[in-house]
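Got your viewer open and a selection box ready? Let's take a walk through this model, one selection at a time.

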Amino acid sequence: MYLIKSSWGCTNFRRFTKSCYFRWASSTSASRAANRVVLISTSDSIYENLALEEWMYEKTDFSDTDYLLMWRNKPAVVFGRHQNPWLEVNIPLASTDGVDIARRCSGGGTVYHDEGNLNLSFLKSRLRYNRKENLHLVVDAVKTRWDLDLIVNDRDDILLDHFYKVSGTAAKLGRTQSFHHFTLLFDVDTSRLSRLLDSPMHGVDSKATKSVPSSVLNLKEKALDMTFELLVDVIGQRFLQQIDQQMTPQNAHFINPINEAEFPGIKDILSRLKSWNWIYGKTPKFSLHRTFSGHEFRGHVCTLNTEINIEKGHVVSISLHLNYTDLDWLVTTLNTFYSENVHNLALENQSLSQLKEKCLTHIETLLSLENTEALFCC
Amino acid sequence: AQNQPFHHSRPSGWLACCCSYHNGQNKARLGQVALPLQWRTFMTSADLFDIVQYKLSDIGEGIREVIIVEWYVKPGDKVNQFDSVCEVKSDKASVTITSRYDGFVRKLYHEVDAVALVGQPLLDIEIEESAESEKQEDVREIDGGSVSKDEEDKKSLATPAVRRLAIENKISLSDVIGTGKDGRVLKEDVIRYLESKQVAQFEKSSASKDVPSSQSTSIPQTPLGKSIPTSAAKVEFPAQPVSSPAQVGEDRTVPLKGVNKAMFKIMSEALKIPPFGYYDEVDVSQLVDMRKRLKVIAQQRGIQLTYMPIFIKAVSLSLLQYPILNSSLDAASEHITYKASHNIGVAMDTPEGLLVPSIKNVQSLSIFEIAAELNRLQSLGLAGKLGTAELSGTTFSLSNIGAIGGTYARPIIMPPNVAIGAIGKIQILPRFAAQGAIKEAHIMNISWSADHRVIDGATMARFSNLWKQYLEEPTTFLLNLK
């Protein structure tokens, strides 16, 4: 039996490798949609592009068409549906630098976008949702054109040289609809990326998704002639070739997201994505615990503990604790003040500044001390 | 079954009657698919609502737990089927969970930010049932339960509603094969029995009609595996079906019942399997010769020898070398069980629809014994008498679609099996022999589908090669005689 097996095996193997690979590869296409369309957005606004993606996810019929939507934005930081922007982004720096901050409706972590980043979104029926398939399609397409060491790891990141992260993945799933999108860093400003994704907030206790930081590198460092246009072309072609189609104006074209006629209701999605309530208000509840020690007051080294609870992006309570009993009366007064005045304060500059002013006025009327400000740091 | 999607909870104090629910053990995990229409409660109170625990179903990607991000409903809200009830998150994905039912939300099991496990209850929904019929049946139930004429009926387990259905249709429950837990007779079983009885009557009445012979043409009505057209030169259209043509001009809506319903459920389950196909052609010229000679001998023993028993035995011999193809996948617990018996299922086109009875322990049977068993199953299939014993326990399936026509197919894997083969028709085609001469060869195509979660292409290819080798060189069978 063994003898026959090996001799037959040898002669048959050669004949079968060619035929079985070909048939095997083509047989999996039975599970693909009949049609595929490549869309390239003409907008460079993160909000407009996210709105388009969400509109398609809600309204488009994916039963026999898969879509690949590609775009790039002017500088923006985008975090996941269940993330805490204060924890993930350096918000003050973003606002001074004029960098947009946006919350996606998909899960996953925080990424920095600029014109050197390609965004890819595979919108398909839930039945055809398959992240690995999408990632491998892009990796294969890029590797046919450029000689790069790219792999997909088990966290669904694309790694360059088995080390540098060049892509982050996120997905959104519904009953019949799904999309899987990811970034592709080919020429971003990496130093800006590190500064913006380094949040100064600490002492946070929350259940929000935490981003996993990784070293990044631009693909262009290893593929010098890479451009947005070439990437879109190579990836789009590959997407269509998988169902034996060439790029034509019917199956690959530009698209203007903000076209209410073509996408009725998109303006509402857009305004929601830009609203404070969505970007900051959807943050899972968290609390801040900070400790300030080393201040000396009348010969006693004090330690001040603060606890701030934030729900839906609003401060709901502040409380203090000081380890100096002589000042207990002050601490009590402040805690009372907070419980009376802090009910639902948006965690942003204006409301907090107002609170600080009110607090200082309140203390001044009580104490008439000259260096009141020096005592408290709101 | 550990992964039943929901469990019927009844408030205490109601009349405790047995309640039939579809158990997934017997029919390839059918129990995993929700069947709200089957739920019944028998109660004395006027309240006619069912509270169902809606469990978090598998969202795929091997995810076992998620975190609740947001609730879109609260207790007391009216919810319709397909309305969003909550948003959950896994590592990378944000998933919207939608309701499977129409009803009212009664209880939420988790708070926001809590961990929810797949397979555990997410929320309670109170489902409305059709009030009128329930009320009437309640009254009759109490009467009918105590008056039970037939002693035998008491022995077969069935709910009062099922018994009433049997009585109305004048059938004895002991004649009906129960597919529920502990052999319980379910409403579906009664309906299936009734349909098969009707079909049997119809068959008798139509036997006198002109039924084309199975020699030269392929007939849609006969079970697969009876004959394979060996001539490719003559192209003949299949004979017209024997049954009368359907009414023209009127739509007809019928609920999925019996075998069709079972097939619908199995196929919906099968959709979860990531299949891959592997196709090849087999030169069965030597086999055709061999069968001509053996057929005569078999007929003397009163057995119809077709190619199918030979294919089945070859599959079993090949499975000995690649046992992973004879395994059973428990996707929920991520275990595969290498099955010791080769229970090869043979797809049959019966008057009831597609059924796949299996031949048990093929590894210990000779080709004769397989042929005899196949004949027996075919006659049972024709008579509509294939029971659970025949229909369950399949570990690997074969479909002879070639008997009807066709060369390639993409057969659907029946869970929890991991592979299936579809045999195309044998055609006579020219092939090259030694020194470039052209010879006539009998070519048959085989299409395998396998579950890519468990089987890789190389294994499938090697298994197929081995099977092919047995068929191309039938004398190799001799070397495996034990």
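The tour below goes from the chain interface to a salt bridge within chain A, then to two helix pairs.

**Stop 1: the interface of chains A and B**

Before you select anything, keep in mind that this is a predicted model. Colour chain A and chain B separately, then pick the residues of each that touch the other: you should get 38 residues of chain A in contact with 39 residues of chain B. About 3400 Å² of area is buried between chain A and chain B, and carbon and sulfur atoms give 52% of that area.

How many salt bridges does the rule find across the interface of chain A and chain B? There are four. To look at a salt bridge between the chains, select A:Lys282 and B:Glu70, whose closest N and O atoms lie 3.2 Å apart.

**Stop 2: a salt bridge inside chain A**

Over all chains, the structure holds 30 salt bridges. For one within chain A, select A:Asp161 and A:Lys222; their closest N and O atoms are 2.7 Å apart. This pair links distant parts of the chain, with the two positions 61 residues apart in numbering. A:Asp161 sits in the loop between β8 (158-160) and β9 (164-167) of chain A, while A:Lys222 belongs to the loop between β12 (204-206) and α7 of chain A.

**Stop 3: α5 and α7 of chain A**

Now show residues 131-145 of chain A, which are helix α5, together with residues 228-241, helix α7. Their axes come within 9 Å and cross at roughly 120°, so α5(A) and α7(A) are oblique to each other. The crossing of these two helices is right-handed.

Turn on side chains next. On α5(A), the residues meeting α7(A) include A:Leu137, A:Val138, A:Ala141 and A:Arg145; on α7(A), look for A:Leu231, A:Val234, A:Ile235 and A:Phe239, among others. By class, the contact of α5(A) with α7(A) has nine nonpolar, one polar and three charged residues.

**Stop 4: α7 and α10 of chain B**

Finally, move to chain B and select helix α7 (residues 308-321) and helix α10 (residues 457-472). Here the axes are 9 Å apart and the packing angle is about 135°, so α7(B) and α10(B) are oblique to each other. Is their crossing left-handed or right-handed? The crossing of α7(B) and α10(B) is right-handed.

Among the residues making the contact are B:Phe311, B:Val315 and B:Leu319 of α7(B), and B:Phe463, B:Trp467 and B:Tyr470 of α10(B). Colour this contact by class and you will find 11 nonpolar residues, two polar and no charged.

Definitions and conventions: Residues are numbered from 1 along each chain as its sequence is written. Chains are lettered from A and ligands numbered from 1 in the order in which they are written. This is a predicted model: local features need pLDDT of at least 70, side-chain atom pairs count only at pLDDT 80 or more; totals for chains, interfaces and linings use all residues. Side-chain values use heavy atoms; hydrogens and water are left out. Axes are lines fitted to C-alpha atoms, for helices over the stretch in contact, and angles run from 0 to 180 degrees between N-to-C directions. Helices (H or I, at least four residues) and strands (E, at least two) are DSSP runs, numbered from the N terminus. Angles under 35 degrees count as roughly parallel, over 145 as roughly antiparallel, 65 to 115 as roughly perpendicular and the rest as oblique. A crossing is left-handed if the near helix is turned anticlockwise from the far one by less than a right angle, and right-handed if clockwise. Contact means heavy atoms within 4.5 Å. Ala, Val, Leu, Ile, Met, Phe, Trp, Tyr, Cys and Pro count as nonpolar, Asp, Glu, Lys and Arg as charged, and the others, Gly among them, as polar. Buried area is the accessible area (1.4 Å probe) that two parts lose on being put together, summed over both. A salt bridge is a side-chain nitrogen of Lys or Arg within 4 Å of a carboxyl oxygen of Asp or Glu.
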